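Hi,

Here is the structure I said I would pass on. Have a look at it first, and then read on for what turned up.

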Amino acid sequence: LGSTTHRLIHNPNSKTMETFNFILDLLLFILIVAEIMYLLMYSLPLPQSIKQSLIKRLNSSKILRLFHKPHMNGPFLILMTALFFYSFYSLYLSPLSSTLDSSALLSYQRRLYLCFFIFVLKLSINRFHFLVKNAPQLYLDLESSAMHHQQLHNILSFTPPSMAILRSTLSLYHWLAHPKILGLENIPKNNPRILFVGNHALMGLEIPVLIYTLYAKCGLYPRVLGDHQHFILPIWAGVLSSLGVVDGTRELCTALMKKGDPILVYPGGAREVFKKTNDEKYSLKWENRTGFARMAIKHGYSIVTVSAVGTEDMIDVSYDIPIGWFFGRKALSAPVPKPKIGKLQRVYFKFGNEIKIKKEWEGKWEDGNVLREVRDEAKRELEAGIKELRKVQETDPE
């Protein structure tokens, strides 16, 4: 064995040596991919319930248990150390190191760096694995708390894009929608503490035009409270967050209201965005939701409804794809849109009369009767706006 090793080291360009080095490179590649995949599986930004189930499955995996057992650390670290010194010797100390061609030199250098990287990565992952194996709930709580603090910081430090950027981004969309706005005079002046309550049109296509209109006409950039399901998908969640959209939890809404930001909420949520084939156009899907009324009363926000009409006259729903099984909502389905060719419609908005928090409502954000009264008043105002816009739409020559 000693003489064979001696011949291999002193004949670095032989076929046997090339095969040996290839096997070593393949081994290192598999090790580093395995370690990185291990970290990625535990670090996926998933809801806590899903992640809890994933960690349970990973912790019960026989392969992971074997790979990260304490008695495996010694052989693994000895192997990495041996490979490191072998690469170091071949690259710098071997009498024939000067005869290595450029590709062989790069191969030894790469292996040297990979050995060191895997060595350090393994030591770090061992401590990480110890935590998630023995205290998975503690790990989830720590991650959730850290993510929450970071999310809250990003939300409160958000700065709206300049009007020039918004105009350049949405100018074509705005031109196509050619919006007609009614009721701008109903928006309180010099008071950004407004909760805009709207009806979601199919696919939510009206939102960019509405934000652009409020920013251009009133200088208000509303923070949109989005459905929780938007924030399951990391890339999409990042896009929404960059535009100022916030996961519509009570805690985050409270933080925005304490700051005094204008807020836009759609009580119908995903159910209104994903209308079904048998749903009436511009119908509200609020069910028994009163959360927006609770927050308005608690933080002294005026409610201004914003009715939207136009987009649902351009698109039909041809088929419903069940997606509730994924989001835990049995009735939820995704519409397959069918654009109406040649039916490009103008988009209409109507801002309703300001609903101020009456004295008899103050401090009663836990009173169900008061919450329903506020919700129903906002719903009546919103539906009246939709009805008025449908009439305007019928008589509008454009």
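Which helices and strands each supply at least two residues of the lining of the largest pocket? The list is H8 (163-177), H9 (207-218), S3, H10 (234-242), H11, H12 (269-273), H13 (291-299) and H14 (324-327). Helix H8 gives the most, with five residues. Before the rest, please keep in mind that this is a predicted model.

**The pocket**

The volume of this largest pocket is about 1400 Å³. Its lining takes in 50 residues, and the ones nearest the centre are His200, Leu225, Gly226, Asp227 and His230. By type, the lining splits into 32 nonpolar residues, 13 polar ones and five charged ones.

**The overall build**

The protein has 398 residues, and 43% of them are buried. Its secondary structure comes to 15 helices and nine strands. If you count contacts between residues at least 6 apart in sequence, 78% of them join residues at least 24 apart.

Seven strands make up an open sheet with mixed pairing, and reading across you get S1-S9-S6-S2-S5-S3-S4. S1 (180-182) and S4 (246-247) are at the edges with a single partner strand each, so one side of each has no neighbour in the sheet. As a reminder, strands of a sheet pair through backbone hydrogen bonds, and they can do so parallel or antiparallel. Strands S3 and S5 are a parallel case, joined by three bridges. One spot to look at there is Val224, whose bridge partner in S5 is Leu264.

**The salt bridges**

There are ten salt bridges in the structure. The general idea is that side chains of opposite charge can pair when their charged atoms come close. Three of them are worth finding on your screen.

Start with Asp261 and Arg223, whose side chains meet with N to O at 3.5 Å. Asp261 sits in the loop between H11 (250-259) and S5 (263-265), while Arg223 belongs to S3 (223-226), so this salt bridge ties together parts that are 38 residues apart in sequence. Are these two buried or exposed? Asp261 has a relative accessible area of 14%, which makes it buried, and Arg223 is buried too, at 3%.

Next, Lys350 and Glu388 form a salt bridge with an N to O distance of 2.8 Å. This pair also links distant parts of the chain: Lys350 is in S9 (348-351) and Glu388 is in H15 (368-395), 38 residues apart. Lys350 counts as buried at 14% relative accessibility, whereas Glu388 is partly exposed at 35%.

Then there is Lys358 with Glu377, where the closest N and O atoms are 3.9 Å apart. Here Lys358 lies in the loop between S9 and H15, and Glu377 is in H15 itself, so the salt bridge ties together parts 19 residues apart in sequence. Both are partly exposed, with Lys358 at 32% relative accessibility and Glu377 at 23%.

Finally, Asp261 and Arg223 come up again in a network: salt bridges that share partners join Arg223, Lys259 and Asp261.

If you want a route through the model, try the pocket centre around His200 and His230, then the S3 to S5 bridges, then the salt bridge between Asp261 and Arg223.

Cheers

Methods:
Residues are numbered from 1 along each chain as its sequence is written. This is a predicted model: local features need pLDDT of at least 70, side-chain atom pairs count only at pLDDT 80 or more; totals for chains, interfaces and linings use all residues. Side-chain values use heavy atoms; hydrogens and water are left out. A salt bridge is a side-chain nitrogen of Lys or Arg within 4 Å of a carboxyl oxygen of Asp or Glu. Helices (H or I, at least four residues) and strands (E, at least two) are DSSP runs, numbered from the N terminus. Buried means under 20% relative accessible area, exposed over 50%, partly exposed in between (1.4 Å probe, protein chains only). On a 1 Å grid over the protein atoms alone, a cavity is a set of points where a 1.4 Å probe fits but cannot get out, and a pocket is an open set with protein on both sides within 12 Å along at least five of seven lines; lining residues have an atom within 4 Å of a point. Grid points are joined across faces, edges and corners, and a volume is the space filled by probe spheres set on the points. Ala, Val, Leu, Ile, Met, Phe, Trp, Tyr, Cys and Pro count as nonpolar, Asp, Glu, Lys and Arg as charged, and the others, Gly among them, as polar. Two strands pair if DSSP finds at least two bridges between them. Contact means heavy atoms within 4.5 Å.
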